[in-house]
Structures are given as structure tokens and as C-alpha cells.
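Here are my notes on this one, jotted down as numbered points. Have the model open while you read.

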Amino acid sequence: MSRLYHWSFDPAGRLVRLCLGEKGIAFEAVESAPWSPHPDVARLAPGAVAPALVQEGPAGHIIAIGTRAICEHLEETVEAPHLLPLHPGERAEARRLWAWVEAGFEQVTDNLLTERVMQWVRRDREPNSEKLRRGAHTLRGRLTFLNAMVEINGYVAGRHLSVADLAAAAHLSAVDYFGDVEWKAVPDLKTWYARIKSRPSFRPLLADRLEAVRPSPHYANLDF
């Protein structure tokens, strides 16, 4: 049995959900929003925050917290399909770009995505236009880089799907809900994203909705 503490529009939680889906692991989802964490999370480990995965199985009681610990745990314990390449050099490159995505999108999440979400959480609040501008500017740079990578490789880190792709798609899907991705400016990345969001593991993400906030018209459209 697997239990995942997460919030639907948190890119970190979305990455874990994609990895679980690709690995074919069913799980119980427990909501733990950043502004209202589930009380169980703090009891899992000192300093624990969502996403957090709790598993009971042949190896006993396992707690993995954070995207790195969870995704690496899944890769080690579920043999196929592989989300990191088997060749050591290719595996190192996939890990490098996975780390680049997570670090590179921190400013996007902290400014653009957080501001969008806080507008929804506190509906009497005016948006911070400076944060939105900073986040949008950072996002454009990240899109340009990712577009170049998929143009060269086919996928972010090589010729095959890896956790680097899932990390990028997790972040992009969250901001795409609000229509903040300028897909016309990155045609290769748009083609790549259409392939990624057509995967069965992506369907639960496309079904996510925020109350009273409609997604962008193409959010759940597999062909844009």
C-alpha cells in the first residue's frame, strides 16, 4: 500500500504522481496544501513537507520525503520501466537535467505560480504585478533552454523518456493551467509536451481543477 501526501498543483507533487503512474503503482492521495499541511506530514520525520510517500510492503515501513528521495526510491525498487537510463553516462546526464529543471523553475514557482495560486486562495487580494513579471521573464528563459534540448535530443535528456522529462512536464503543466506558457515561441517543446501529456500517467493531472478557476482552453487538449 502506498500513500502520497501532496497538493494537486504543486509541481513537486505532480512529478511524484507522474513517476508513480509510469511505474504502475496505485496510491492513496492525501491532500496537503502548502498553506494548510496535513497534520500527518509533520509526524513523518523532522522537517517533513509534502510531497511525502509512505509505503507498507515486503521491505517494511518506508517513508520517502521530497522528489529526489521518492523518485530515486521508486527507481531502485521498481525495475521497469526505467526512468533513469541504464548507461552510467546517460544516467548522469538525466540526473543533471532533472536537477536543472527543479532548480531552474524555483523562481517560476516562487513568483508566477505562487502568485496565481494565492489569488485563488485569497480572492480579495490584488495580484502582485511585479512578481508576475519576474516569473514570466524567468519562465521564458527556461522554455528557450528546454526547447533547445528537445530539438537536439527528442526528449530533455536523450532519445528516451526520463525523470528529467517528467520534472519539466510537471512544472510546465502547473503554469499551463493558468495559460502562462507561450507555446508558439517554442514549437519543438510544444510537440514534446503534446507527447508527454498524451501518456496515461498524465491523465490525472489533466483532470485537476481549482474551484472557480477555469484552466486554459488547451490545458486538457492532447492536440492543443
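At what angle do the axes of helix 4 and helix 5 cross, and within what distance do they come? That is where I'd begin, bearing in mind that this is a predicted model.

1. **Helix 4 with helix 5.** The crossing is at roughly 30 degrees, and the two axes come within 4 Å. Angles under 35 degrees count as roughly parallel, so helix 4 and helix 5 are roughly parallel to each other. On the helix 4 side the contact is made by Glu102, Ala103 and Gly104, and these meet Glu106, Gln107 and Val108 of helix 5. By class that contact splits into 2 nonpolar, 2 polar and 2 charged residues.

2. **Helix 4 with helix 7.** Helix 7 covers residues 163-176, and its axis comes within 8 Å of the axis of helix 4, with a crossing of roughly 15 degrees. That makes this pair roughly parallel. The crossing is left-handed. From helix 4, the residues in contact are Ala94, Leu97, Trp98, Val101 and Glu102; from helix 7 they are Val163, Ala164, Ala167, Ala168 and His171. The class count here is 8 nonpolar, 1 polar and 1 charged.

3. **Helix 3 with helix 4.** Here helix 3 (residues 67-77) packs against helix 4 (residues 88-104) at about 150 degrees, and the axes are 12 Å apart. Angles over 145 degrees count as roughly antiparallel, which is why helix 3 and helix 4 are described that way. The crossing of this pair is right-handed. Thr67, Arg68, Cys71 and Glu72 are the helix 3 residues in the contact, and they meet Arg95, Trp98, Ala99 and Glu102 of helix 4. By class, the contact has 3 nonpolar, 1 polar and 4 charged residues. Note that Trp98 and Glu102 turn up both here and in the contact with helix 7.

4. **The cavity.** How many cavities of 30 Å³ or more are there? The count comes to 1. The volume of the largest cavity is about 50 Å³. Its lining is made up of Cys19, Cys71, Glu72, Glu75, Leu83, Leu84, Trp98 and Val163. Helix 3 is the biggest contributor to this lining, with 3 residues. The lining divides into 6 nonpolar and 2 charged residues, with no polar ones. It ties back to the helix packing: Cys71, Glu72 and Trp98 also belong to the contact of helix 3 with helix 4, while Val163 is in the contact of helix 4 with helix 7.

5. **The largest pocket.** If you're after open space, the largest pocket has a volume of about 420 Å³. There are 20 lining residues, and those closest to the centre are Asp10, Pro11, Pro34, Thr109 and Thr114. Two elements give two or more residues to this lining: helix 1 (11-23) and helix 5 (106-121). Helix 5 gives the most, at 7 residues. The class breakdown of the lining is 11 nonpolar, 5 polar and 4 charged.

6. **The second largest pocket.** This pocket holds about 240 Å³ of space. It is lined by 13 residues, with Pro85, Glu90, Arg159, His160 and Leu161 closest to the centre. The lining comprises 6 nonpolar, 4 polar and 3 charged residues.

7. **Backbone oddities.** Most residues other than glycine have a negative phi, and most peptide bonds are trans. Which peptide bonds are worth a look here? One is the cis bond that joins Ala50 and Pro51, with omega about 5 degrees. Pro51 sits in the loop between helix 2 (39-44) and strand 3 (52-57). Another cis bond joins Ala80 and Pro81, where omega is about -5 degrees. Pro81 is in the loop between helix 3 and helix 4, the pair from point 3. As for phi, Ala212 has a positive value of about 70 degrees without being a glycine. Ala212 is in the segment after helix 9 (203-207).

Key: Residues are numbered from 1 along each chain as its sequence is written. This is a predicted model: local features need pLDDT of at least 70, side-chain atom pairs count only at pLDDT 80 or more; totals for chains, interfaces and linings use all residues. Side-chain values use heavy atoms; hydrogens and water are left out. On a 1 Å grid over the protein atoms alone, a cavity is a set of points where a 1.4 Å probe fits but cannot get out, and a pocket is an open set with protein on both sides within 12 Å along at least five of seven lines; lining residues have an atom within 4 Å of a point. Grid points are joined across faces, edges and corners, and a volume is the space filled by probe spheres set on the points. Ala, Val, Leu, Ile, Met, Phe, Trp, Tyr, Cys and Pro count as nonpolar, Asp, Glu, Lys and Arg as charged, and the others, Gly among them, as polar. Axes are lines fitted to C-alpha atoms, for helices over the stretch in contact, and angles run from 0 to 180 degrees between N-to-C directions. Angles under 35 degrees count as roughly parallel, over 145 as roughly antiparallel, 65 to 115 as roughly perpendicular and the rest as oblique. A crossing is left-handed if the near helix is turned anticlockwise from the far one by less than a right angle, and right-handed if clockwise. Contact means heavy atoms within 4.5 Å.
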